[in-house]
Amino acid sequence: MSDHPPDAGLELLEGSTAIARSAITAGCRFFAGYPMSPFTSLLESMARLLPDSGGVCINAESEIEGVNMALGASAAGARAATGSCGQGIALMQEAIAETALNETPLVIFNMARNQQDYFQCTRGGGWGDYRTLTLAPKDIPEAVKHTQLLFHLADAYRIPTILYGDPLIAQTRIGVRIERLDLPQLPAKDWALDGSRGGTGHSRQVWTWAMGKTTEPGPGPDRHWQAIAEKFERVAAAEQRYESFRVADADTVVVAFGSAAKFTAHVVEELRAGGYRIGHFRPVTLWPFPGEALARATAGARNVLVFELNAGQMIDDVRQHAADRSAVRAIGGVSIHESGLSYGPLLDVPVIRERILAGMSGEPRTGTPVHDLARSLL
Amino acid sequence: MTDIVATDRPPEGAAEKVADFRPSLIVGEHSLCPGCGEPVALRILLETLQELEIVQRSIGVVGHGCYGSFVRIMDVDVLQCLHGRAPACATGIKRVRPDAAVFTLQGDGDMVNEGLAEVIHAAARGENITCILLNNGVFGDTGGQQTATTVLGQRTKTSLEGRDPAHHGYPIRIADIVSGLEGVGYVARGTVGTPRDVARAKRMIREALESQLAGEGFSLVEILTMCPTGWFVGAPQGPDYMEQSMAREYAPGELRARSAPRGA
């Protein structure tokens, strides 16, 4: 039996259920999706929970239809969302760009199979000058908070936002509390289509080209797309989020995102306890990337070790912002479970510890040998 | 008494418009070609919204084609959506605003080429929306290329010797396909080649919208529209050409009448 009394405020929930409930708490009233593992369990949760909350969940016949349904619901003023894993979100890219350019807020849940969607989330594959604000939670409780924050930011800026989850967040269970986040009140969506201004000369229009009506001309594509680009610059400046620890005196800083960062953070704490001068930096927003914070965190580091479960995607952003780009080295790699649906053997504490130690080679080994350290922690 | 206007010399004063029969919901000049049938279809659609007194709860979803420019001159709430995706966007709108009258405006390239899945799925789901297809059998906006509804033998810029089934395949009769699906409340095909046809097409639009308002499910009105520019014929020849080519492939009429008794 545990020495600790159970926390009465926690519920044991699968991540997908917790995220669905958080989305509904945030006011999400429309969801459309197409099954694809590990996103499937979020779709199932939405189908089960949304109707009782006065919402609608539609079994979209394709990802393309799902994202366009959500775009329509959003254009009509509802908080709307869709999702898939990276493979299905590849199909949605045109519509995601469209929501950025016609300013319909949209939340996209990328319940990804691994970390190979970093470029997809942060660069996107649609046309035009747009970005997608992406939050990468490290675990289910953070994903619950991020979900509400993403609906808020999508509405506040009228932009598409992405939750970059994974199988650990979608399909594992944990004790979690679903609470409404205290977020600022937003103005009413007077731009949303409800038909009420028809025939008045002031009817509304949602259009990527923003040319307006002959009675009330809009800015047109040139000025509209300049304004969109300026808006994303404002988002980039205002919405960077990160978490770092033990970087002040660190010779080595490990950089990781999402679930993987929970593993790397554990190893960094372990090594710190063993006397290594090592710190940890986790971008919480992948876009906007917290570049200035990374520069500060790596100011004294001789090793900036990037652990990501892909062939090297976030490392581009790390190299761009690290205090000394020659210190940046990849210690992750492609690692896929044989099913293709989740992570491979690289996401494991002993493997990560070994790679971090190897990445620190050249540094004076002042700490406890790692095998002794591991034993002392048991 | 009106003065008799002399016709043996140019008029002395500037010409003056004495009447405007444009419906009030059309708030600007369209920019489409002479002889185009699409502005006629827009007009009867907007007139019907007014006659049904649903203007202030109507939301249009407009796809991409020449008619896309109508979003600037229609005084109703409009979402200009991605090519082909209007029925999906209309689904999202209608599901969160069930009291709205939601219609799409799509060409054949938009609905039958790019968005074939969207319209069929929306119909089979019984989405309570009205899709208006403006079918001229050609990509008008890009200058006259073959679409999925181009009739056999028709010359286009991408079927120079005429649409040959051995190479280009056969046209799709989308209204016929949709009319066979469950979940559908009303399907009809009209044309705007003659005043009589315009009046018939307008009645079809009215039936479709009334079907939606009564919650009878998906409705589709396909309207054959003249595209003399894309057909490479003179503007005055448009209606006759349409009668002799498209209307033979796409027979006008109600393909699925409303099952509920009218006015009951």
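Which domains does the domain assignment of chain A give? In this predicted model, the assignment lists domain 1, spanning 11-176, and domain 2, spanning 242-377.

## How the two domains of chain A meet

Let's start inside chain A. Taken over C-alpha atoms, the centres of domain 1 and domain 2 of chain A are 28 Å apart. Across their shared boundary, 23 residues of domain 1 of chain A are in contact with 20 residues of domain 2 of chain A.

On the domain 1 side, helix 6 (118-123), strand 6 (133-135) and helix 8 (167-171) of chain A each provide at least two of the touching residues. Helix 6 of chain A gives the largest share, with four residues. Sorted by class, this side of domain 1 of chain A has eleven nonpolar, seven polar and five charged residues.

## A helix pair between chains A and B

Now for a look across the chains. Helix 3 of chain A (residues 63-75) packs against helix 2 of chain B (residues 86-96), with the axes 6 Å apart and at an angle of about 45°. Because of that angle, helix 3 of chain A is oblique to helix 2 of chain B. Their crossing is right-handed.

Which residues make the contact? Helix 3 of chain A brings Glu65(A), Asn68(A), Met69(A), Ala70(A), Leu71(A), Gly72(A), Ala73(A) and Ala75(A). Helix 2 of chain B answers with Ala88(B), Cys89(B), Ala90(B), Thr91(B), Gly92(B), Ile93(B), Arg95(B) and Val96(B). By class, this helix contact has ten nonpolar, four polar and two charged residues.

Conventions. Residues are numbered from 1 along each chain as its sequence is written. Chains are lettered from A and ligands numbered from 1 in the order in which they are written. This is a predicted model: local features need pLDDT of at least 70, side-chain atom pairs count only at pLDDT 80 or more; totals for chains, interfaces and linings use all residues. Axes are lines fitted to C-alpha atoms, for helices over the stretch in contact, and angles run from 0 to 180 degrees between N-to-C directions. Angles under 35 degrees count as roughly parallel, over 145 as roughly antiparallel, 65 to 115 as roughly perpendicular and the rest as oblique. A crossing is left-handed if the near helix is turned anticlockwise from the far one by less than a right angle, and right-handed if clockwise. Two residues are in contact if their C-beta atoms, placed from the backbone, lie within 7 Å. Ala, Val, Leu, Ile, Met, Phe, Trp, Tyr, Cys and Pro count as nonpolar, Asp, Glu, Lys and Arg as charged, and the others, Gly among them, as polar. Domain bounds come from an automatic or database domain assignment.
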